[in-house]
Amino acid sequence: MTDAIQLDNISFSYGSQRVLDDVSLSVRHREFMGLIGPNGGGKSTLLRLILGLLPPQEGRISVLDTTPRRAARRLGYVPQFARFARSFPISVEDVVLMGRLGQGNMWGFWKRSDRHAITDILDLLEITHLRSRHIEALSGGQMQRVLIARALVANPEILLLDEPTASVDRHGETSLFELFSTLKKNMTVMVISHDLGFISDYVDRVACLNQSLVMHPTAAVTADTINQLYGEQVQMVHHHHAH
């Protein structure tokens, strides 16, 4: 079986600014990969390339044995920030149902099967009690769970998450990463995070990206690795979460 994601010698620039430089990466099926690096290092751009939202300027990308654009409906994506007004009068249920678009519904009328399909996902994310609530009444952590539910309701084969715990407290962060660890039994999971000491307890490998990319097994990531990536001003504290 080929890898779920294969990037070969990918380079990308915004104008004269080089963001990705000769990046190669293989992500296995049902692997949980962490992607770390400084702001501006190219992490979000890399996800957009995998999603087919940007074309590579150099190199080749294969996702699920095809092009990113052809694989798009088999991917789930949770962006770093929700790009819609929280004051928009829409319920949690309707936001999650957006993940069913392209699953056979073409006219904007939700079928009973669509509403039934989201029930298990709401339970999984522990937000069933929020189903009828308007999104403007949600906390940041609750909204993040709604967006993760929206990505999961389409049954993706690959789940890509850009800082999914940025608005979540430590207890919620632990809960979500345990969920991601469970999800990898059925899908490939790639998550961007700045908290290496935390995610190293969960992910299978860590990709360190700052224009160029270096792969590490989690046990091989040291303070020297982080200093090379972020600079000498960063301190690394490793902490293990007992269960």
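These questions and answers concern the nonpolar cores and one buried arginine of a predicted model. Local features here need pLDDT of at least 70, side-chain atom pairs count only at pLDDT 80 or more, and totals for chains, interfaces and linings use all residues. Residues are numbered from 1 along each chain as its sequence is written, and side-chain values use heavy atoms, with hydrogens and water left out.

Q: Which element supplies the largest share of the largest nonpolar core?
A: A nonpolar core is a set of buried Ala, Val, Leu, Ile, Met, Phe, Trp, Tyr and Cys residues joined through side-chain atoms within 4.5 Å, where buried means under 20% relative accessible area with a 1.4 Å probe and protein chains only. The largest such core has 40 residues, and the elements that each supply at least two of them include α4 (112–124), α5 (140–152) and α6 (170–183), helices being DSSP runs of H or I with at least four residues, numbered from the N terminus, and strands runs of E with at least two. The largest share, seven residues, comes from α5.

Q: Which residues does L125 touch, leaving aside those up to four places away in sequence?
A: L125 and F180 have the most contacts inside the largest core, a contact meaning heavy atoms within 4.5 Å. With those up to four places away in sequence not counted, the residues that L125 touches are R145, I148, A149, L152, L176 and L179.

Q: Is R205 buried or exposed?
A: R205 has its place in strand β8, and its side chain reaches the backbone oxygen of S26 at 2.8 Å. Because its relative accessible area is 17%, R205 is buried.

Terms used: Buried means under 20% relative accessible area, exposed over 50%, partly exposed in between (1.4 Å probe, protein chains only). A polar contact is a pair of N or O atoms within 3.5 Å; within protein, one must be able to donate a hydrogen and the other to accept it, and residues adjacent in sequence count only if both atoms are side-chain atoms.
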